[in-house]
Amino acid sequence: MRASQQDFENAVNQVKLLKKDPGNQVKLQLYALYKQATDGPCNVSKPGVFDPVNKAKWEAWNALGSLTQETARQNYVDLVSSLSSSSEASSQGKSGTDVKVQESKDIVVTSEDGITKIMFNRPSKKNAITLEMYQDIILALKNASTDNSAITVFTGAGDYYCSGNDLTNFSGVGVPGGMEEVANKGPKSLREFVNSFIDFPKPLVAVINGPAIGISVALLGLFDAIYASDMATFHTPFTSLGQCPEACSSYTFPKIMGSAKAAEMLLFGKKLTAREACAQGLVTEVFPDSTFEKEIWTRLKAYAKLPQNSLRISKQLIRKDEKEKLHAVNAEECSTIKAMMLSEEYINAIKSFLSRKSKL
Ligand code: COA
């Protein structure tokens, strides 16, 4: 799955042939990835407010941070391929190829070479996960559990893997019932979201392309293999947000790394490098960023050729005794999170994140 210069040029031409307008958000992303792939990180000054179009383009490009040109080229090719197949699918009324796509605003789902890939696709917000994305991901996992792929892989677009839950979603701002309403609905959605990972029947793999924060790290205890670029970091700052562990990490982390190491992450918010996370058993293997995409997709393509039934049954054997326990842990974490959402510590932490934003 590594894109050559020729693949990139083909994708650039393919964009001109799209039958359906992909919308402004996607067009901005295509622009940003193109610029990153050809010119490298954003190197021009930010246009002023009176030039909104170029400002939006600049922001999209700048959001890609230090993403390598090679990865940007790969992401561009992947995005065009997903757009081409979705445009083909909608014009034919069926897929017509073996690449299936779920069309969602902030995730891109493709299925090819035995791999269903679910990509967080909100790079301008460092791939923060919204409540809407919870539902899109639940649906993507449901579809992936019965499609003809062997493994399912999560990764992120841009320089981040994911910056955790979208904190503005959990702030109560702009919600008619305020924080009470958010505390009623948020943890319910969170529980459903985490359940879809606990119950996922096929091998679940994370390809961690950059920093990972909050729930995106906490969920890793429910994955079967985790591969990371050496640019990735792992951070669970739950307590500094006045919150507690989620996604079963209160159970999986001590089990994976021992209670002393888990406490440093979950209580004190210690951020781990990819190599530290690997040494502690949270990550399967770390790759140099320059060769990460090439090596990992080659390896996953080979894994995806293994007999599918055997993969599924073996995973079931490994996980079956844990399932009930994981559901109970998820339920307890979510009800604790609900109670803590109304605490002064949490409300102050969220206010401080929002006011930090307005100062920028
Ligand atoms: N929720 C909502 N918005 C987020 C977000 C999150 N978890 N993470 C990043 N964003 C938004 C920022 O508000 C900013 O939006 P803006 O451009 O409209 O102002 C945009 O993404 C880019 O982030 P920015 O903070 O400008 O980039 P940075 O490189 O300086 O810092 C982070 C990146 C991820 C370190 C920083 O945004 C952060 O700490 N986010 C919160 C992470 C977090 O606590 N997650 C929950 C863990 S439990």
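Two residues are in contact when heavy atoms of theirs lie within 4.5 Å. In this predicted model, residues 24 or more positions apart account for 73% of the contacts in the protein chain with a separation of 6 or more.

**The chain as a whole**

The protein chain holds 13 helices and 10 strands. Its radius of gyration is 20 Å, close to the 21 Å that the globule rule gives for 360 residues, so the chain is as compact as a globular protein of that length. Taken along the principal axes, the box filled by the C-alpha atoms is roughly 55 × 50 × 40 Å.

Of the 360 residues in the protein chain, 50% are buried. The chain exposes about 16,700 Å², and carbon and sulfur atoms supply 54% of that area. The chain carries 42 positive and 39 negative charges, and the mean positions of these two sets are 1 Å apart.

**Parallel strands S4, S5, S7 and S10**

Several strands pair in the parallel sense, and the table lists these pairs.

| Pair | Sense | Bridges | Facing residues |
|---|---|---|---|
| S4 (residues 151-156) and S5 | parallel | three | Thr152 and Leu204 |
| S5 (residues 204-208) and S7 | parallel | four | Ile208 and Ala228 |
| S7 and S10 (residues 285-287) | parallel | three | Tyr227 and Glu285 |

Strand S5 thus appears in two rows, joined to S4 by three bridges and to S7 by four. Strand S7 is also paired with S10.

How many of the five residues of S7 are buried? Strand S7, residues 225-229, is mostly covered, with five of its five residues buried. In a regular strand the side chains alternate between the two faces of the sheet. In S7, Ala225, Tyr227 and Ser229 lie on one side, Ile226 and Ala228 lie on the other, and both faces are covered. Two of these residues have already appeared in the table: Tyr227 stands opposite Glu285 in S10, and Ala228 in S7 stands opposite Ile208.

Strand S5 is described in similar terms. Five of its five residues are buried, and the strand is mostly covered. Leu204, Ala206 and Ile208 point one way from S5, while Val205 and Val207 point the other way. Leu204 is the bridge partner of Thr152.

**A sheet of three strands**

Strands S6, S8 and S9 form an open sheet in the order S6-S8-S9, with mixed pairing. Which strands are at the edges of this sheet? They are S6 (212-213) and S9 (272-273), each of which pairs on one side only. Strands S8 and S9 pair in the antiparallel sense over two bridges. Thr233 stands opposite Thr273 in S9.

**Two loop residues with positive phi**

Two residues other than glycine have a positive phi value. For Asn127, phi is near 60°. Asn127 is placed in the loop between strand S3 (115-120) and helix H5 (131-146). Is Asn127 buried or exposed? Residues count as buried under 20% relative accessible area, and Asn127 has a relative accessible area of 0%, so it is buried.

For Ala247, phi is near 55°, again a positive value in a residue other than glycine. Ala247 is located in the loop between strand S8 (233-235) and helix H8 (249-257). With a relative accessible area of 1%, Ala247 is therefore buried as well. Strand S8, at one end of this loop, is part of the open sheet with S6 and S9.

Methods:
Residues numbered from 1 in each chain as written. Predicted model: local features only at pLDDT ≥ 70, side-chain atom pairs only at ≥ 80, totals over all residues. Heavy atoms only, no water. Rg over C-alpha atoms; globule rule 2.2 N^0.38 Å. Buried < 20%, exposed > 50% of the residue type's maximum accessible area, 1.4 Å probe, protein only. Areas by Shrake-Rupley, 256 points an atom, 1.4 Å probe, with all protein chains shown as cover. Lys, Arg positive; Asp, Glu negative; His and termini not counted. Charge placed at Lys NZ, Arg CZ, Asp CG, Glu CD. Pairing = 2+ DSSP bridges.
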